[in-house]
Amino acid sequence: MTTQQPFWNRIFKRKPIAAEPVQVEPATKVDQLDFEMAPSDPLLAYFRERPGVVELDSLVFDSPALQILKDAGTVIVVPLMSQGELVGMVNLGQRLSEQEYSVDDKKLLSDLATHAAPAVRVAQLVQQQREEAVERNRIEQELKVARLIQQTLLPKEIPVISGWELSAYYQPAREVGGDFYDFLEFPDGRLALVIGDVTDKGVPAALVMSTTRTLIRTAAETLVEPGKVLEQVNNKLYPDIPARMFVTCMYCLLDSKSGRLQYANAGHDLPYLRTDTGVEELRATGMPLGLMPDMGYEEKEIILKAGHTVLFHSDGLAEAHNPQREMFGFPRLKASMFEHSGGAGLIDFFLEKLAQFTGPGWEQEDDVTLVKLRRTPIANHTNRINGTETMIPNQQWTPIGEFNLPSQPGNERQAMDRVAQLVTDAGLSVRQIDKLKTAVAEATMNAMEHGNRFVADRPVLIAMTRSADQIKVSITDFGEGSQTGSKETAESPDLEAKLAGEQTPRGWGLFLIKNMVDDMQVLEGNNMHTIELLINLETEFKL
Amino acid sequence: MISKPLETNVRAHEKSAVINLIGDINASADEEMNAAFSQALVLNPESVVLNFTEVEYINSTGIALIVGLLATARQHKVDILTFGLSDHYREIFEITRLSDFMKIVEGDQAAQLVGTT
């Protein structure tokens with residue numbers, strides 16, 4: 001135990017009672033004895049068990065605290081106990097008269113301790129509260145400074161580039177993290193896009209963020225290749241960055257005319273590219289900035305075509321937790337990219353997803369930063385549906401709800417019932433709900449069986465969204481297989497051939513799904529597949 | 001909703017064999033369905049009547065099982081009739097064209113078929 005207050009050592013000197021005020025002479029010797037008493041010290045247990053005045057000469061046991069007190073010449077100790085807790089001690093040495101302490105002396109001391117202990121405890125609590133208030137103020141001031149630094153340095157305006165959509169969102173956590181993003185426009189029309197995250201929080205993180213931003217801007221003035229930019233920033237940052245701090249950062253260079261996007265990554269969360277056929281990560285390897293000198297950074301490039309969307313993000317989204325301590329996670333983030341067209345409202349879509357996931361009263365754990373880059377589609381974009389190009393209008397989708405299920409046979413029954421519950425208020429007819437339930441059950445079975453191959457810990461993610469005139473159910477697996485099976489098609493099965501034994505009686509799943517919904521889309525990505533089921537709302541339920 | 005394993009019982013009624021189906025018709029119903037159908041064929045009926053009144057769930061594998069029964073019935077030159085389908089599964093039988101090969105009966109005709117009048 002560390003005693004909560006310095007111990008009081010007093011040597012009392014009896015004074016004669018005088019009719020006239022007299023100047024009290026100071027005690028001959030008053031020492032303050034500071035030492036820590038371990039919680040396991042037997043003297044502490046002794047005090048708890050035997051309240052009152054303690055004569056040290058009578059104590060014979062092995063106690064470091066007892067030894068210290070005896071060495072200091074203490075003869076009597078009066079523990080100040082409050083609610084079973086030792087809040088202080090009055091330690092007395094030999095009386096000046098060298099006589100022993102009388103019974104009256106001890107009673108006086110005991111009474112004094114009884115009254116003094118609660119007062120000392122109150123004083124300690126007041127002092128503790130004062131110290132905490134000062135610390136809170138200091139932290140609040142520091143957070144204000146950190147917020148100010150970040151808000152000052154984040155872009156005030158989003159660049160406007162013909163043929164491109166750019167949008168950004170930044171929401172600091174209460175304890176400000178070190179997220180940042182930046183846009184650098186070059187005279188030849190190229191645009192550098194930067195997103196990063198400094199480890200640590202508060203002012204230290206904000207200062208490192210500020211330094212990194214400046215170093216990037218300086219490097220980008222003379223260097224073109226993203227890998228070289230990060231290499232230079234790393235070497236300049238490394239000598240000065242505080243211990244145990246580093247910066248993850250992605251630097252991209254966009255040629256807005258050709259759609260060429262060059263990029264290098266210093267350990268930042270991988271951005272997602274959404275195309276008409278699926279979602280993939282933009283991978284490039286590289287160590288975070290400030291960890292080790294002379295690092296090389298892999299450079300990659302892609303051509304962004306009309307309708308392609310890239311979402312850059314910080315870990316504040318993927319690592320957000322719900323009340324059950326489940327993480328939002330990268331699979332959910334990637335699957336959500338499937339659900340949205342990538343057009344207007346993508347960032348709001350993710351924020352609503354996050355809000356639904358975390359529930360009300362969420363205390364944001366880290367900064368959330370999202371930056372969207374999209375090449376504007378010419379008119380509408382196309383989606384490939386079972387080999388057929390179909391025109392899909394751009395739509396705003398609002399989340400209704402989502403859940404996931406382990407890949408175990410029979411779980412499709414849960415899927416269909418939970419979807420039916422979630423769309424209760426959407427205005428679907430009984431017939432529409434029955435058909436949707438069958439489609440969901442079939443798609444979930446396919447995801448569990450063909451996609452996840454019944455590996456139980458591979459979940460099937462089922463998400464519902466709605467637009468002004470449609471309900472969409474997206475069913476995603478995370479396996480290597482194809483969700484639709486290798487042979488099955490949505491074409492009408494040949495029943496005569498099946499009855500004649502010329503074909504297997506199976507192969508109805510995709511056909512059933514197609515006939516239960518108004519439209520469907522199959523999106524294939526790296527180790528994930530999504531089937532989207534679309535139901536048209538009746539006129540009176542359209543928004 | 002938890003999956004309800006299929007149970008069946010078979011009985012003769014006039015020139016038909018009636019199979020009462022109780023539970024879900026999915027992959028796990030394979031053995032029970034085929035056993036019941038074999039039992040029905042032993043009765044040497046002119047037709048087999050499938051009673052779906054107590055079936056809540058049929059999936060695509062269940063459809064395949066019914067196609068299998070239909071193929072077996074054709075080999076034995078036995079008609080299959082059904083009754084008790086919900087509106088939803090009746091629509092599915094129409095979409096899959098199963099209804100082209102097995103007569104869907106209802107009302108009094110159904111009651112006479114299974115002897116509940």
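This is a chat about a predicted model with two chains, A and B.

Visitor: Hi! What does chain B come to in secondary structure?
Guide: Hello! Chain B has four helices and five strands. Along the sequence they follow the pattern β-β-α-β-α-β-α-β-α.

Visitor: And how many helices and strands are there in chain A?
Guide: Chain A has twelve helices and 21 strands.

Visitor: What share of the residues counts as buried in each?
Guide: For chain A, 38% of its 543 residues count as buried. For chain B the figure is 42% of 117 residues.

Visitor: Nice. How much of the contacts comes from residues 24 or more positions apart?
Guide: In chain A, such pairs account for 68% of the contacts with a separation of 6 or more. In chain B, they account for 67%, counted at a separation of 6 or more.

Visitor: Let's move to the contact between the chains. How many residues does each one give?
Guide: Chain B puts in 19 residues and chain A puts in 18. On the chain B side, the elements giving two or more residues are α2 (60-75) and α3 (87-95).

Visitor: Which element gives the most on that side of chain B?
Guide: That would be α2(B), with nine residues. By class, the side of chain B that touches chain A has ten nonpolar, seven polar and two charged residues.

Visitor: New topic: which residues touch the most other members of the largest nonpolar core?
Guide: Y251(A), L436(A), V440(A), L533(A) and I19(B) do, in a core of 130 residues. Another core lies apart from that one and has 20 residues, including M37(A), V77(A), V87(A) and M89(A).

Visitor: What is I19(B) in contact with?
Guide: Leaving aside neighbours within four places in sequence, I19(B) contacts T8(B), V10(B), A36(B), F37(B), A40(B), V48(B), V49(B), L50(B) and N51(B).

Visitor: You mentioned L436(A) and V440(A). Where do they meet another helix?
Guide: Both are in α10(A) and take part in the contact with α9(A). Other α10(A) residues there include I433(A), A441(A) and M448(A), while α9(A) brings N411(A), M416(A) and V419(A) among others. By class, this contact has ten nonpolar, two polar and three charged residues.

Visitor: How do the axes of α9 and α10 of chain A cross?
Guide: The axes of α9 (residues 411-422) and α10 (residues 430-451) of chain A come within 8 Å and cross at roughly 140°. The two helices are therefore oblique to each other, and α9(A) passes α10(A) in a right-handed crossing.

Visitor: What about α3 and α4 of chain A?
Guide: Helix α3 (residues 103-153) and helix α4 (residues 202-222) of chain A pack at about 20°, with axes 8 Å apart. That makes α3(A) roughly parallel to α4(A). Their crossing is left-handed.

Visitor: Which residues make that contact?
Guide: Among them are L143(A), V145(A), A146(A) and I149(A) of α3(A), and V203(A), A206(A), L207(A) and M209(A) of α4(A). The classes come to nine nonpolar, three polar and two charged residues.

Visitor: Last one: is W397(A) buried or exposed?
Guide: W397(A) counts as buried, because 24 C-beta neighbours lie inside 10 Å and the cut-off is 20 or more. This tryptophan is in the loop between β16 (388-392) and β17 (398-406) of chain A.

Visitor: What does W397(A) touch further along the sequence?
Guide: Not counting residues up to four places away, W397(A) touches E339(A), H340(A), F349(A), T465(A), R466(A), S467(A) and K472(A). W397(A) and S467(A) are 70 residues apart in sequence, yet 4.7 Å apart in space, C-alpha to C-alpha.

Notes:
Residues numbered from 1 in each chain as written. Chains lettered and ligands numbered in written order. Predicted model: local features only at pLDDT ≥ 70, side-chain atom pairs only at ≥ 80, totals over all residues. Axes fitted to C-alpha atoms, helices over the stretch in contact; angles between N-to-C directions. Parallel < 35°, antiparallel > 145°, perpendicular 65-115°, else oblique. Left-handed = near helix turned anticlockwise from the far one by under 90°. Contact = placed C-beta atoms within 7 Å. Nonpolar A, V, L, I, M, F, W, Y, C, P; charged D, E, K, R; others polar. Core = buried A, V, L, I, M, F, W, Y, C linked by C-beta atoms within 7 Å. Buried ≥ 20, exposed ≤ 12 C-beta atoms within 10 Å, placed from the backbone.
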